[in-house]
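Student: I have just opened this entry and would like to understand the words people use for it. Could you go through them with me?

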Amino acid sequence: MTPATPGTPGTHPMIEMIRHWTILLIGLTLTGLICAWALPFATSPRGGVAPSLFLADAPVMATITLVLALALAMLVSLGVGRLTNSAVGLFVMGWGVSIFAMRTDTVHEVMLSVESNLVILGIETLFWAMIVLVLTLVMFKIAGPFKDIHPREFETPPDPLRSPDAIKCAMAGLVMIPIVLLIAQSPSKGQVLMAVFTGGMMAGLIGRLVSPHVQPKLIFMTPIVAGAVGQFIGLIQMSRQGLNMSETFVAQAIPTLSLPMPIDYAGASLMGVAMGVGWARSFLHHEEEEDEKKAGAGKQTASV
């Protein structure tokens, strides 16, 4: 399920649907291929694909290559966003990052490679959150805001980055922590990505519902920030156990909040939030219809 795309006036609904899905599938294919191209450059010393850029055999080269792949994937996503809407464009971008994440190693590689702590994962997750914020702002600038979001009657549009409505929407990202705790019971990529995707989707849904009159720009970033907070909480839990990294691995006592890797949060959360804000439209259409009715009534009164 992706956010609906406004049709072109006079276009048959079936033709518009085929157009929408064709653009989406082409975008998903291209971003997936572009991000998969960067995988060989992120090899870890143990031979797999490093789950963190800090753990790559050549971290500088891995970072440069991934940034280049992200830039190319973003160009594709911007094109999709221009032809559909910003949420679909960001979903396509999240898909490409998730393709990369699916091929990376799990937290086990971290436990066996780093003899210190998990703080580097929290730092890298925050770094990804900043990247996602930049990508979101660029997407909304190029592809445009959501056309079905309107300010309250007789009010100016709230600031999407600093207004109380924007902050309230962004706080919905905290739902990521309990959902990861509930769903992510093993480090397997499928389970971890599903947990993060679900957390992002619920964050997008809740954020849009509690603040329906503001453009939801911050909500694409805040679930990833919540993921970083969860990783720091996992670090505290490990320190209380009194075990080092390898001992924690052998004892199978890895904290649940430490299971998702930074790139897992970036890709799956981006996809989930995009779907969540689109899903919220089905709950808000009654309110939008009432707004249209009021506007129509106001015009009729003015004409009289």
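The conversation below takes up the terms one at a time.

Tutor: Happy to! Keep in mind that this is a predicted model. The chain has 12 helices and zero strands.

Student: How many residues are there, and what share of them is buried?

Tutor: The chain has 304 residues, and buried ones make up 52% of them.

Student: What makes Thr 125 count as buried?

Tutor: Buried means under 20% relative accessible area. Thr 125 has 0%, so it counts as buried. This residue lies in helix 5. Its C-alpha atom is separated by 7.6 Å from that of Ala 266, although the two residues are 141 apart along the chain.

Student: How do you know that the length of helix 5 agrees with what it should span?

Tutor: Helix 5 covers residues 119–143, which is 25 residues. At 1.5 Å a residue they should span 36 Å, and the end C-alpha atoms are 36 Å apart, so the two values agree. Helix 5 is followed by Gly 144, which has a positive phi, near 95°.

Student: Why are the buried residues of helix 6 said to line one face?

Tutor: The buried residues of helix 6, which spans residues 164–171, are Asp 165, Ala 166, Cys 169 and Ala 170. Looking down the helix axis, these buried residues fall within an arc of 135°, so they line one face. Pro 164 and Met 171 are exposed on the other side of helix 6. A general point helps here: an α-helix has 3.6 residues a turn, so residues three or four places apart point the same way.

Student: Why is the pair of Trp 37 and Phe 41 called tilted?

Tutor: There are four aromatic pairs in the structure. In the pair of Trp 37 and Phe 41, the ring centres are 5.6 Å apart and the planes meet at 55°. Rings pair if their centres lie within 6.5 Å, and planes under 30 degrees apart would be stacked, while over 60 would be edge-to-face, so 55° makes this pair tilted. Elsewhere, ring pairs link Phe 140, Phe 146 and Phe 220 into a cluster.

Student: What makes Trp 37 and Phe 41 partly exposed?

Tutor: Partly exposed is the range between under 20% and over 50%. Trp 37 has a relative accessible area of 41%, so it is partly exposed. Phe 41, at 34%, counts as partly exposed too.

Student: Which residues form the nonpolar patch on the surface?

Tutor: The patch is formed by Trp 37, Phe 41, Met 61, Leu 68, Leu 72 and Leu 75, with about 580 Å² of accessible area together. Helix 2, residues 59–83, gives the largest share of the patch, four residues.

Student: How do you know that Leu 75 is exposed?

Tutor: Exposed means over 50%. Leu 75 has a relative accessible area of 58%, so it is exposed. You will find this residue in helix 2.

Student: Why is the contact of Glu 109 and Arg 46 called a salt bridge?

Tutor: The cut-off is 4 Å between a side-chain nitrogen of Lys or Arg and a carboxyl oxygen of Asp or Glu. The closest N and O atoms of Glu 109 and Arg 46 are 3.0 Å apart, so the pair forms a salt bridge. Glu 109 sits in helix 4 and Arg 46 in the loop between helix 1 and helix 2, 63 residues apart. Glu 109, at 8% relative accessibility, counts as buried, whereas Arg 46 is exposed at 54%. The structure's count comes to six salt bridges.

Student: What makes the pair of Lys 189 and Asp 264 a tie between parts of the chain?

Tutor: Their closest N and O atoms are 2.8 Å apart, and they form a salt bridge. Lys 189 lies in helix 8 and Asp 264 in helix 11, so the pair ties together parts that are 75 residues apart in sequence. Lys 189 is buried at 9%, and Asp 264 counts as buried at 1%.

Student: Which residues are linked in a network of salt bridges?

Tutor: They are Asp 148, Arg 208 and Arg 281. Within this network, Arg 281 forms a salt bridge with Asp 148, with the closest N and O atoms 3.0 Å apart. Arg 281 is in helix 12 and Asp 148 in the loop between helix 5 and helix 6, 133 residues apart. With 16% relative accessibility, Asp 148 counts as buried, while Arg 281 is partly exposed at 29%.

How values were computed. Residues numbered from 1 in each chain as written. Predicted model: local features only at pLDDT ≥ 70, side-chain atom pairs only at ≥ 80, totals over all residues. Heavy atoms only, no water. Helix = DSSP H or I, 4+ residues; strand = E, 2+ residues; numbered from the N terminus. Expected span 1.5 Å × (residues − 1). Phe/Tyr/Trp six-rings, centres within 6.5 Å; stacked < 30°, edge-to-face > 60°. Buried < 20%, exposed > 50% of the residue type's maximum accessible area, 1.4 Å probe, protein only. Patch = residues over 30% accessible without salt bridge, like charges linked within 9 Å, V, L, I, M, F, W, Y side chains within 5 Å. Areas by Shrake-Rupley, 256 points an atom, 1.4 Å probe, with all protein chains shown as cover. Arc of directions from axis to C-beta.
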